Amino acid sequence: MRADGFVKWTRRFEDERERRRAQGDPDWDRGAALPAAVWTSVQRFQVGEDGDGANLVGKADQAGDTDYGQAVRLFIAEEQNHARLLARLLAAGGLPTLPGHWSDTVFVRLRRLMGLRMELLVLMVAEVVALRYYRALRDGTDDPLTTDVAGRILRDEERHVPFHCERLHASLAELPRATRRPVMALWRLLLLAATLVVVADHGPALRRLGLGRLRFAGDVMTSSRTVVSAVLTPSPDAWTNTN
Ligand SMILES: [Fe+2]
Ligand SMILES: [Fe+2]
């Protein structure tokens with residue numbers, strides 16, 4: 001198991017935690033005003049953030065990868081913080097959070113059956129969609145609190161993607177060389193399917209944020225190319241430096 005390199009990720013996550021502490025929370029008292037369709041969309045993303053990564057710790061530990069396991073715990077804390085930030089944003093707009101949907105429960109159970117590699121591939125789908133979504137939310141509104149919250153989440157997601165790329169690279173290196181590209185091609189298909197569900201579900205919100213469905217889907221698929229090459233090439237971490 002190639003575990004080298006994850007100490008630096010732990011350090012990055014810790015630095016970020018410190019930065020977060022020093023910065024403090026957004027100014028919730030200013031309240032938030034968004035179009036109804038966008039609120040509905042934020043409510044759904046809030047539920048998703050709540051579960052992200054929860055299965056990962058056990059699998060990382062099982063893989064016997066201590067450094068990675070530590071970084072994963074910090075990663076999950078960031079995802080939980082996203083759920084908290086979005087819940088506070090909803091509250092600032094006078095909206096409740098949604099209870100978990102049955103499909104989330106099914107999804108979580110399914111993910112429990114997966115190994116680390118499959119879990120990361122599925123999680124990466126959510127992360128890549130999230131990247132485009134939070135950018136749209138940050139840039140598509142003139143509500144200052146929403147822009148602040150979405151900007152904070154986006155910064156984290158921009159770190160999560162190369163983090164998963166690096167671990168997936170090690171995971172895929174355990175497979176026969178000839179299968180690696182096909183695996184990532186299947187991953188892109190899975191991403192496309194998930195993106196189509198998201199644009200169907202969140203289309204009205206995206207439109208209010210100034211983004212057509214097609215443009216959203218196109219941007220997600222374009223960004224996935226960087227992910228695929230970062231997973232397949234020997235030094236995926238090089239990708240981080242471009243951010
Ligand atoms: Fe997140
Ligand atoms: Fe994330």
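Colleague: Which residues are the protein donors of the iron ion (ligand 1), and how far from the ion do they lie?

Modeller: Donors are taken as N, O and S atoms within 2.8 Å of the metal (3.2 Å for Na, K and Ca), and since water is not among the atoms, sites may look incomplete. Here the iron ion (ligand 1) has the protein donors Glu49 (OE), Glu49 (OE), Glu79 (OE), His82 (ND1) and Glu157 (OE), at 2.0 to 2.6 Å. Along the sequence, the spacing of these donor residues is E-x29-E-x2-H-x74-E. Glutamate 79 belongs to helix α4 (residues 66-92) and glutamate 157 to helix α7 (residues 144-172), so this pair ties together parts 78 residues apart in sequence; helices (H or I, at least four residues) and strands (E, at least two) are DSSP runs, numbered from the N terminus.

Colleague: Before we go on, on what basis are such values given?

Modeller: This is a predicted model, in which local features need pLDDT of at least 70 and side-chain atom pairs count only at pLDDT 80 or more, while totals for chains, interfaces and linings use all residues. Residues are numbered from 1 along each chain as its sequence is written, chains are lettered from A and ligands numbered from 1 in the order in which they are written, and side-chain values use heavy atoms, with hydrogens and water left out.

Colleague: What are the protein donors of the iron ion (ligand 2), and how are they spaced along the chain?

Modeller: For the iron ion (ligand 2) the protein donors are Glu79 (OE), Glu127 (OE), Glu127 (OE), Glu157 (OE) and His160 (ND1), which lie 1.9 to 2.6 Å from the ion. Their spacing along the chain reads E-x47-E-x29-E-x2-H. The pair of glutamate 79, in helix α4, and glutamate 127, in helix α6 (residues 116-139), links distant parts of the chain, 48 residues apart.

Colleague: How far apart are the iron ion (ligand 1) and the iron ion (ligand 2), and which residue bridges them?

Modeller: The two ions lie 3.5 Å apart, and glutamate 79 is the residue that bridges them.

Colleague: Are glutamate 79 and glutamate 127 buried or exposed?

Modeller: The label rests on relative accessible area, with buried meaning under 20%, exposed over 50% and partly exposed in between (1.4 Å probe, protein chains only). Both glutamate 79 and glutamate 127 are buried; the relative accessibility of glutamate 79 is 0%, and glutamate 157 is likewise buried, at 0%.

Colleague: Helix α7 also holds arginine 152; with which residues is arginine 152 in contact, leaving aside its neighbours within four places in sequence?

Modeller: Contact means heavy atoms within 4.5 Å. With those neighbours left aside, arginine 152 is in contact with Gln23, Gly24, Asp25, Pro26 and Leu85, and its relative accessible area of 15% counts as buried.

Colleague: What span should α4 have, and how far apart are its end C-alpha atoms?

Modeller: The expected span of a helix is 1.5 Å times one less than its number of residues. For the 27 residues of α4 the expected value is 39 Å, and the end C-alpha atoms are 39 Å apart, which agrees. Just after α4, glycine 94 adopts a positive phi of about 80°.

Colleague: How many aromatic pairs does a search of the whole structure find?

Modeller: Rings of Phe, Tyr and Trp (its six-membered ring) pair if their centres lie within 6.5 Å, with planes under 30 degrees apart counted as stacked, over 60 as edge-to-face and the rest as tilted. The search finds 10 aromatic pairs. One of them is the edge-to-face pair of phenylalanine 6 and tyrosine 68, at 4.9 Å centre to centre and 70° between the planes. Phenylalanine 6 in helix α1 (residues 6-23) and tyrosine 68 in helix α4 are 62 residues apart, so that this pair links distant parts of the chain. Phenylalanine 6 is buried at 1% relative accessibility, as is tyrosine 68 at 0%. The rings of phenylalanine 6 and phenylalanine 163 have centres 6.0 Å apart and planes at 80°, so this pair too is edge-to-face. Phenylalanine 163 lies in helix α7 and phenylalanine 6 in helix α1, so the pair ties together parts 157 residues apart in sequence. Ring pairs link Phe6, Trp9, Phe13, Tyr68, Phe75 and Phe163 into a cluster.

Colleague: And for the whole protein, how many helices and strands are there?

Modeller: The protein has 9 helices and 0 strands, and of its 243 residues 48% count as buried. Of the contacts with a separation of 6 or more, 83% come from residues 24 or more positions apart.
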